Each structure stands twice: as structure tokens, then as C-alpha cells.
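Dear colleague,

I am passing on the structure below, together with some notes on what came out of it. Please read the notes beside the coordinates.

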Amino acid sequence: MSYVDEVYERVVKQNPGETEFHQAVKEVLDSLRLVIDANEEKYRSMALLERLVEPERVVSFRVPWVDDKGQVQVNKGYRVQFNSAIGPYKGGLRFHPSVNQGILKFLGFEQVFKNSLTGLPIGGGKGGSNFDPKGKSDREVMAFCQSFMTELSKYVGADQDVPAGDIGVGGREIGYLYGQYKRITGLYEGVLTGKGLTYGGSLVRTQATGYGLVYIVAEMLKHNGKDLAGKTVVVSGSGNVAIYATEKAQQMGAKVVALSDSNGYVYDKDGIKLDVVKEIKEVRRGRIKEYVDAVPTAVYTEGKGIWTIPCDIALPCATQNELNLEDAKTLKANGCFAVGEGANMPSTREATDFFLENGMLFMPGKAANAGGVATSALEMSQNSQRLSWTFEEVDEKLHKIMVDIYAKAADAAERYGVKGNYVAGANIAGFEKVVDAMMAQGIV
């Protein structure tokens with residue numbers, strides 16, 4: 001049995017029931033076979049893969065808080081500190097009922113390679129809770145965040161672990177978390193990113209993941225003789241990533257015709273009116289079906305099915321495994337030729353394989369959605385220097401990082417004889433940097 005297969009079997013055996021984590025490890029290791037097989041003896045002797053797939057630390061804790069009725073509630077909290085070979089742990093906090101240790105391990109593992117690709121000195125981590133902010137008052141969210149940070153503060157710091165936001169953790173939550181960290185430690189430092197602009201946040205951070213996705217997709221198209229301008233785009237989701245991917249795609253001349261949320265999707269043949277979506281989602285925290293109240297010519301459909309809408313380019317920006325093999329086949333049949341992942345692992349393994357086998361341009365999440373963490377690292381740099389850069393300065397740096405990520409993924413794929421396979425290319429390029437650092441630092 002090959003070293004890759006041995007390690008994957010070990011992961012499945014030692015992490016029962018953590019299917020998303022198994023999926024992430026298999027996808028990465030399979031695409032790294034060329035590199036691993038060529039260095040098998042060296043890697044085996046250092047148990048390199050065994051160390052790579054095992055988090056350095058997993059912290060689990062209870063989070064008690066009091067709701068508005070005076071009832072004590074208890075949630076689970078986690079922080080997975082996966083790999084610090086190239087820098088302090090960096091990765092978001094997710095507050096959602098689906099959060100469990102397996103999902104956070106999958107996200108933390110992916111984050112290791114994504115962060116490596118940015119070229120910035122940040123390791124990989126992830127955390128969160130099964131707390132659901134939806135339907136909670138500001139006071140309840142504050143009570144939860146303060147309790148959560150009271151425990152988390154023991155394990156994070158500007159040079160140790162720097163969390164950011166993720167699903168369910170926006171500016172409101174980051175503010176409450178930061179205030180409690182400062183209260184407990186007495187330190188005013190860059191321990192969290194995605195902060196408000198009045199207390200150490202960075203311009204462009206809100207837009208970064210969505211903008212970065214479009215920047216790298218545009219770069220991929222350019223190097224394959226195509227252009228984003230004039231193309232029809234379908235975007236899943238209607239949260240932060242989807243909204244700002246839509247904004248940047250529209251700025252670059254594309255027409256975005258659909259957005260979705262967990263209830264259903266809206267189709268606007270004339271192009272999504274982003275001001276309407278922002279009012280619904282960012283101001284009222286409403287549902288996407290409200291879009292048709294403001295734009296009667298649009299059509300709302302309950303349930304799944306957004307990938308049945310014909311498009312040139314698909315940008316899945318909602319959640320993991322939202323796009324399956326049937327969806328991939330439908331996209332291809334309807335003329336879609338490019339897919340860029342704005343969410344973390346939104347395409348199933350079968351869908352990803354279909355895209356690659358059928359010659360579609362496909363940019364995986366660990367490259368395509370790295371703009372968020374890249375700009376988080378730029379926020380860390382500004383905090384360390386006690387500086388604030390302009391919107392244009394940060395946006396320019398973000399654009400350059402995404403262009404560089406494309407170049408790294410394309411170069412690695414070509415070096416290993418799989419030109420155009422950006423899944424393999426991104427994994428190999430991210431892996432090479434992390435492995436070099438791990439080998440240099442000894443058995444730790």
C-alpha cells in the first residue's frame with residue numbers, strides 16, 4: 001500500500017464519523033501523490049504526512065450564557081490549531097448549529113494550504129461554536145461572545161493564534177469578542193481580524209473574499225484566452241462572499257443573474273440589483289425571497305436548484321458540498337465553462353472530478369477564496385505597524401496576492417505534468433512551502 005493510502009486509512013480510523021475531514025484529507029493527498037511518491041522515503045522517515053494531517057492542538061470547551069428570558073444556555077466551543085510551521089495560526093470562527101469538531105478540522109486542514117498560498121507568514125487554524133446568532137438579540141449575542149472569549153482568550157494572541165470571522169461571525173460578533181479579550185488581558189493588540197475601522201480594522205476586509213475570488217477567476221480566464229466582461233454569472237449564497245463577488249464581477253463587466261440563501265434562490269434576467277440585496281441582507285438581515293418585493297420582474301424559487309440556471313461562470317459561495325455531480329453535469333450541459341469556489345469545499349469530490357475530466361476551468365476554494373485570509377494578514381501587518389492603509393493600497397495588494405496565487409497554482413501543475421489542473425497545482429504549491437518549514441524545524 002502506498003504511503004498516501006496508509007495515511008488516509010489512518011485518518012479515517014482515528015477520526016470516526018468526521019466525513020468532511022476525511023473528504024478534505026483525501027482530496028489533498030490524492031492530488032499530492034506525484035510529489036509524495038517522489039519523496040516517499042524521506043517523508044516516511046520523518047512521519048511527515050502523519051504530522052501534517054494531525055492538528056497540533058484541538059481545544060473544546062463549554063460556553064454558558066444567559067438568554068433574554070433569564071434562562072441559562074450552554075453551547076460547545078472549539079479552536080482547532082492545525083499547523084504553525086509558517087506562522088501563527090490563522091483562520092475564522094464559525095457560529096452555526098452545524099459546527100462540530102470534524103467540520104472545523106476539515107476547515108483548519110484546508111486553511112493550512114490556503115494560508116501558505118498567500119505567501120504571507122500565517123499558519124492554519126479554525127474554530128467556532130454550535131451557537132446560532134440568527135433570531136438572537138444583540139444582548140444575547142454579546143453575552144454568548146463574552147463567555148466564548150473568556151475561555152478562548154487562554155489560547156489566542158497576536159503572535160500565537162489570530163482568529164477572524166466566518167459564517168455567523170460578522171462585525172458585531174468580532175466587536176464583542178475583541179472587547180472581551182481586551183477586558184480580560186488588558187492588551188490592545190491584533191488578536192482578531194475583521195475588526196471595525198475605528199479599532200484596528202482594515203479597509204477592504206469586508207469585500208476581500210468576494211473581490212479576491214473574482215480577481216483570480218479573471219486571471220484564470222485571461223490565461224485561457226477568455227474574458228470576464230460580458231459573461232453571465234450565477235452566484236450561490238447571499239452573504240458577505242456572494243455579495244462582494246457579485247459587486248466585483250459587475251464592476252468588471254459581467255452580469256450576475258442569481259443569488260440564493262438556505263431557503264431558495266432568486267433569478268433576475270436583467271442582472272442582480274446589488275443595492276436591493278445589501279438592504280435585505282446587510283441592513284434588515286432578511287431572506288433573499290424579499291428581493292422580488294423590490295424587483296417584481298425577478299423570480300424566486302423555493303429550495304435548491306440555482307445551478308439549473310444557464311450561465312457562463314458559476315461561483316459557489318454558500319457552504320461545503322452544496323454543488324454535487326448532478327449540478328456539475330447540469331452546468332456543463334447549459335454552457336458553463338468556468339467555476340470558481342468562493343466557499344470552503346462547496347463542490348463535492350465527484351463534481352470536482354467532473355469539472356476536471358470535462359475540460360472546464362476550475363479554481364478550488366483554497367486558492368479562490370484566499371482573499372479573505374490574505375487581507376486578514378494585511379490587517380495583522382497594519383496592527384503591528386500601528387498604521388492604516390487606504391482602500392486603494394489594500395485592494396492593490398489583494399489583487400497582486402490573488403494574481404500570484406494563480407501563478408503558483410498554474411506553475412506547480414505544469415511542473416508536475418498536469419497543466420490546467422488548478423486543484424493539484426494549488427495543493428502542491430501550498431504543500432511545498434509548509435513541508436519545507438516542517439522539515440527545517442525538526443520533529444515537532
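The notes below cover a helix pair, the nonpolar cores and one strand residue.

This is a predicted model, in which local features need pLDDT of at least 70 and side-chain atom pairs count only at pLDDT 80 or more, while totals for chains, interfaces and linings use all residues. Residues are numbered from 1 along each chain as its sequence is written, and side-chain values use heavy atoms, with hydrogens and water left out.

Helix α7 (residues 138-152) packs against helix α8 (residues 171-185) at an angle of about 45°, their axes lying 8 Å apart (helices are DSSP runs of H or I, at least four residues, and strands are runs of E, at least two; axes are lines fitted to C-alpha atoms, for helices over the stretch in contact, and angles run from 0 to 180 degrees between N-to-C directions). The residues in contact (heavy atoms within 4.5 Å) include Val141, Phe148 and Met149 of α7 and Tyr176, Leu177 and Ile184 of α8.

The largest nonpolar core (buried Ala, Val, Leu, Ile, Met, Phe, Trp, Tyr and Cys residues joined through side-chain atoms within 4.5 Å, buried meaning under 20% relative accessible area with a 1.4 Å probe, protein chains only) has 102 residues, and Ile216 and Phe431 are among those that touch the most other members. Helix α18 (residues 422-440) gives the most to this core, with 10 residues. Apart from it lies another core, of 23 residues, including Phe95 and Phe148.

Ala314 sits in strand β10 (residues 313-316) and, at 0% relative accessibility, counts as buried. Among the residues that Ala314 touches, leaving out those up to four places away in sequence, are Val234, Trp307 and Leu331.

Best regards

Note on methods
Buried < 20%, exposed > 50% of the residue type's maximum accessible area, 1.4 Å probe, protein only.
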